Amino acid sequence: TSWMRTSFYQCICEIYAKPQEGTRKLEKEEIAKTLVPYNVELTIDEIELLKKLLAEEEFIELNNPKISELDKFWAKKIFGNNHEDKLIKTNRLLRLLASLRQNRL
C-alpha cells in the first residue's frame, strides 16, 4: 500500500491509465502492467516505519507533487545510491504527465 502512495507509482498510473473526464481510469489490464515491488525484502523496523509514514502521508497534488518521506524511503530501497536523481526525475515526470493529461481534455 505504501508503494502505491509514492510518486513512482502515481507516475506509472499516469502512463498506463486511460484519461476519462479529467481523471485516470485503470482497468484490470492496465493494473496488471503496473509495477509493484513484491520481491523487496523489508525488515521489521522498515515495516513499522512504513506504517508510520503511511499514516502521516498527505494527498498527492499531481500538478505540484512534493517529494514525500514515502518517496524517499522507496527510492533508497529500490535505487540505492542513485535515489536522489530518481526522485527528482520522477517528480518532474509526474508533474509533466499530469499536466499533459489535463491539457488533452
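Which helix gives the most to the nonpolar patch? I looked this up before anything else, in what is a predicted model. The answer is α5, with 3 residues.

**Entry: the surface patch**

I listed the members of the patch as I15, Y16, L93, L96 and L100. Together they have about 440 Å² of accessible area on the surface. I then checked where the members come from: α1, residues 7–16, and α5, residues 83–104, each supply at least two of them. I took L96 as a sample residue and found that L96 sits in helix α5. L96 has 46% relative accessibility, so I entered L96 as partly exposed.

**Entry: helix α1**

Next I asked how many residues of α1 are buried. I found 8 of the 10, so α1 is largely enclosed by the rest of the structure. The buried ones I wrote down are S7, F8, Y9, Q10, C11, I12, C13 and E14. I noted that this list includes polar residues such as S7, Q10 and E14.

**Entry: the nonpolar cores**

I turned to the interior with a general expectation in mind. In soluble globular proteins, nonpolar side chains tend to be buried together. The largest nonpolar core here has 12 residues in all. I recorded its members as W3, F8, Y9, I12, C13, L50, L53, L70, F73, W74, A75 and L87. Helix α1, helix α3 (44–56) and helix α4 (69–79) each supply at least two residues of this core. Apart from this core lies another, of 6 residues, and C11, I60, L62 and L97 are among them.

I picked L53 from the largest core and looked up its contacts. With neighbours within four places in sequence left aside, L53 is in contact with E69, L70 and F73.

**Entry: helix α4**

I went along α4 from its start. There, a side-chain oxygen of S68 comes to within 3.3 Å of the backbone nitrogen of L70. Within α4 I marked L70, D71, F73, W74 and A75 as buried. Of these, L70, F73, W74 and A75 also belong to the largest nonpolar core. Just after α4, I found G80 with a positive phi of about 60°.

**Entry: salt bridges**

How many salt bridges does a search of the whole structure find? My count is 5. I wrote up three pairs, as follows.

I began with E48 and K51, whose side chains meet at 3.4 Å, N to O. E48 and K51 are 3 residues apart in helix α3, which means that about one helical turn separates them. E48 has 43% relative accessibility and therefore counts as partly exposed.

I then took K52 and E56, where the N to O distance is 3.1 Å. Both residues lie in helix α3, 4 residues apart, about one turn of the helix. I entered K52 as partly exposed because its relative accessible area is 47%. E56 is also partly exposed, with a relative accessible area of 48%.

The pair I noted in α4 is K72 with E69, with 3.2 Å from N to O. K72 and E69 are 3 residues apart in helix α4, about one turn of the helix. At 31% relative accessibility, K72 counts as partly exposed. E69 has a relative accessible area of 45% and is likewise partly exposed. I had already met E69 as one of the contacts of L53.

**Entry: T90**

Is T90 buried or exposed? T90 has 12% relative accessibility, so I entered T90 as buried. The residue belongs to helix α5. I looked for what its side chain reaches and found the backbone oxygen of K86 at 2.8 Å from a polar atom of that side chain. Not counting residues up to four places away in sequence, T90 touches S7, F8 and C11. These three contacts are on my list of buried residues in α1.

**Entry: I31**

Last, I checked I31, which lies in helix α2, residues 28–33. I31 counts as partly exposed because its relative accessibility is 44%. I also looked up its separation from A17: the C-alpha atoms are 8.4 Å apart, with the two residues 14 apart along the chain.

Terms used:
Residues are numbered from 1 along each chain as its sequence is written. This is a predicted model: local features need pLDDT of at least 70, side-chain atom pairs count only at pLDDT 80 or more; totals for chains, interfaces and linings use all residues. Side-chain values use heavy atoms; hydrogens and water are left out. Patches are made of residues with over 30% relative accessible area and no salt bridge: like charges are joined within 9 Å, nonpolar side chains (Val, Leu, Ile, Met, Phe, Trp, Tyr) within 5 Å. Accessible areas come from the Shrake-Rupley method with a 1.4 Å probe; for residues, only the protein chains shown count as cover. A salt bridge is a side-chain nitrogen of Lys or Arg within 4 Å of a carboxyl oxygen of Asp or Glu. Buried means under 20% relative accessible area, exposed over 50%, partly exposed in between (1.4 Å probe, protein chains only). A nonpolar core is a set of buried Ala, Val, Leu, Ile, Met, Phe, Trp, Tyr and Cys residues joined through side-chain atoms within 4.5 Å. Contact means heavy atoms within 4.5 Å. A polar contact is a pair of N or O atoms within 3.5 Å; within protein, one must be able to donate a hydrogen and the other to accept it, and residues adjacent in sequence count only if both atoms are side-chain atoms.
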